Amino acid sequence: MADEEIKTGEVKEASPEVEEAVAEVKPITADIPYGKGLPTVLMPFMGPFHEITESVEYRGQLIARDQKLSSSVNAAMPVGAFIGFFFALLMVLLPIYFMT
C-alpha cells in the first residue's frame with residue numbers, strides 16, 4: 001500500500017485505526033538509493049606493510065650480493081691458488097738461480 005502511494009503520488013485517506021496499525025507495522029528504514037552508482041571499496045592502510053616489504057627486499061638484495069661474491073670467490077679459488085703457488089715459487093727460485 002505504501003509503495004503504491006509513492007509510485008502513483010496519490011494519498012488515499014484511511015480511518016485513524018488503519019493509520020495506527022500501519023504506523024506500528026511499518027519498519028524503520030533509511031533512504032538508501034539502491035541501484036545508483038557502483039559500490040566503492042575503501043583502501044586499507046598499507047603504510048606498515050610497504051615499509052616491511054621494502055625492508056625485506058633490501059635485505060634480500062644484500063644477501064644475494066653476498067652470495068654471488070662468495071660463490072665467485074670460491075669458484076676462482078683453485079685457479080688463484082695454482083697461480084699464486086707458481087708465482088711464489090718463481091719469486092723464491094729466481095733470486096737463488098741468479099745468485100749462483
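Phe82 and Phe86 sit four residues apart in helix H3, which means that about one helical turn separates them. Their rings meet edge-to-face in this predicted model. That pair is a handy way into the rest of the chain.

**The rings**

How many aromatic pairs does the chain have? The count comes to three. In the pair made by Phe82 and Phe86, the centres lie 4.6 Å from each other and the planes are at 80°. An angle over 60 degrees is what counts as edge-to-face, so the 80° here earns that label. Phe85 joins in as well: ring pairs link Phe82, Phe85 and Phe86 into a cluster.

**How open is this stretch?**

Are Phe82 and Phe86 exposed or partly exposed? Phe82 comes out as exposed, while Phe86 lands in the partly exposed class. Val79, which also belongs to helix H3 (residues 47–99), is exposed. Here are the values side by side:

| Residue | Relative accessible area | Class |
|---|---|---|
| Val79 | 53% | exposed |
| Phe82 | 52% | exposed |
| Phe86 | 41% | partly exposed |

The cut-off for exposed is over 50%, so Val79 at 53% makes it into that class, and so does Phe82 at 52%. Phe86, at 41%, is partly exposed because its value falls between 20% and 50%.

These three residues are part of a nonpolar patch on the surface. The patch also takes in Ile83, Phe85, Leu89, Val92, Leu93 and Ile96. Together, its members offer about 880 Å² of accessible area.

**The chain as a whole**

Zooming out, what is the secondary structure made of? There are three helices and zero strands, and along the sequence that reads as α-α-α. Of the 100 residues, 0% are buried. The accessible surface of the chain adds up to about 10,200 Å², with 68% of that belonging to carbon and sulfur atoms.

**How far to trust it**

Confidence is uneven along the chain. The mean pLDDT is 78, and 60% of the residues reach 70 or more. Which element has the highest mean pLDDT, and which the lowest? Helix H3 is at the top with 93, whereas helix H1 (residues 2–8) is at the bottom with 52. Where pLDDT is low, the predicted coordinates shouldn't be read in detail.

Methods:
Residues are numbered from 1 along each chain as its sequence is written. This is a predicted model: local features need pLDDT of at least 70, side-chain atom pairs count only at pLDDT 80 or more; totals for chains, interfaces and linings use all residues. Side-chain values use heavy atoms; hydrogens and water are left out. Helices (H or I, at least four residues) and strands (E, at least two) are DSSP runs, numbered from the N terminus. Buried means under 20% relative accessible area, exposed over 50%, partly exposed in between (1.4 Å probe, protein chains only). Accessible areas come from the Shrake-Rupley method with a 1.4 Å probe; for residues, only the protein chains shown count as cover. Patches are made of residues with over 30% relative accessible area and no salt bridge: like charges are joined within 9 Å, nonpolar side chains (Val, Leu, Ile, Met, Phe, Trp, Tyr) within 5 Å. A salt bridge is a side-chain nitrogen of Lys or Arg within 4 Å of a carboxyl oxygen of Asp or Glu. Rings of Phe, Tyr and Trp (its six-membered ring) pair if their centres lie within 6.5 Å; planes under 30 degrees apart count as stacked, over 60 as edge-to-face and the rest as tilted. pLDDT is the predictor's confidence in each residue, from 0 to 100.
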